[in-house]
Amino acid sequence: MPNVRLALAQTNPIVGDILGNSEQIFDMVCDSAAQGANMVLFGEMCLTGYPIEDLSARPEFLAAAEQAVKALALRIQDRGLSNVAVVIGHPSAVSNDFRDASTFDGATHDWSIAQNSASVLRGGKIIGTYAKHHLPNYSVFDEYRNFVPGDDLLTFEHCGLKFSTVICEDIWQDGGPVAHIGTAHTDVALVLNGSPFEVDKVGRRLELVQALAKRHDCAVAYVNLVGGQDDLVFDGASFAANRDGTVATQAESFSTDLILLDVSDNRSFESVTPPRVQPVSETE
């Protein structure tokens with residue numbers, strides 16, 4: 001019997017629509033649990049949409065997001081799903097002390113009041129929160145202005161397995177919390193992503209995650225968003241890789257999707273959901 005049935009929940013959040021996005025998340029959790037899942041992984045900032053840009057500077061927006069995270073935890077428990085661990089992306093406010101002490105490339109972040117976070121919900125509570133360490137500040141990204149970087153890896157146990165959580169850019173750069181995935185004896189690395197579409201990018205993501213899995217001897221689950229925001233298009237194509245780098249399954253491109261995998265203590269996945277048909281060409 002597998003230790004964990006993991007659902008990769010690929011959603012299409014709307015920026016700023018915390019209530020609507022919360023409903024998406026709750027519905028996906030219920031659907032996953034109905035199919036036997038006891039863990040559900042969502043994408044980066046799935047609660048608020050991504051990128052939130054200057055909404056990250058509004059205390060009332062951050063407070064609403066944090067309240068929505070707590071409400072989701074309680075609602076999931078009230079549904080009788082207290083044994084299901086749910087990992088969601090959201091912004092969170094930082095204390096003045098942490099903000100003033102934080103540095104990134106040698107500069108303080110005294111203008112930013114938020115972090116790009118991921119929280120684990122279980123038993124009606126938030127059992128852990130991770131803050132993105134590497135803040136992209138190139139191409140379409142402006143996170144250096146919007147967020148304060150975190151500096152600790154989040155590792156937690158669920159059903160006898162050890163999971164570590166990181167966010168998007170953290171696996172594209174050297175150093176930071178991702179470097180400690182192996183020493184934390186991680187069975188499965190959970191990566192939340194808001195990765196916009198580019199030609200050739202799906203292949204680069206696969207190579208990056210395969211290298212991560214082999215380097216740290218762990219399985220890796222990678223969940224991306226879908227949908228559009230301003231001039232960005234998020235293409236989904238979430239996937240999971242085994243400890244040897246082989247790809248266990250991949251979700252639809254450019255469409256919401258839910259795929260399930262069984263994972264046991266050998267750090268490998270067995271796909272439960274039938275394979276998805278992938279585009280046959282880059283043009284398509």
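The largest cavity in this predicted model has a volume of about 70 Å³. A cavity here is a set of points on a 1 Å grid over the protein atoms alone where a 1.4 Å probe fits but cannot get out, and its volume is the space filled by probe spheres set on the points. Local features need pLDDT of at least 70 and side-chain atom pairs count only at pLDDT 80 or more, while totals for chains, interfaces and linings use all residues. Residues are numbered from 1 along each chain, and side-chain values use heavy atoms, without hydrogens and water.

Among the residues lining the largest cavity, with an atom within 4 Å of a point, are Y50, F141, E143 and L232. A second largest cavity holds about 60 Å³ of space. Its lining includes Y50, P13, L225 and F234, and strand β12 (residues 226–229) gives the largest share, four residues.

Turning to the sheet, six strands (DSSP runs of E, at least two residues, numbered from the N terminus) form an open, mixed sheet in the order β8-β9-β10-β11-β14-β15. Strands count as paired if DSSP finds at least two bridges between them. Because β8 (154–158) and β15 (247–250) are at the edges with a single partner strand each, one side of each has no neighbour in the sheet. Within the sheet, β10 (residues 188–193) and β11 (residues 219–224) run parallel and are joined by six bridges; L190 has A221 in β11 as its bridge partner.

Definitions and conventions. On a 1 Å grid over the protein atoms alone, a cavity is a set of points where a 1.4 Å probe fits but cannot get out, and a pocket is an open set with protein on both sides within 12 Å along at least five of seven lines; lining residues have an atom within 4 Å of a point.
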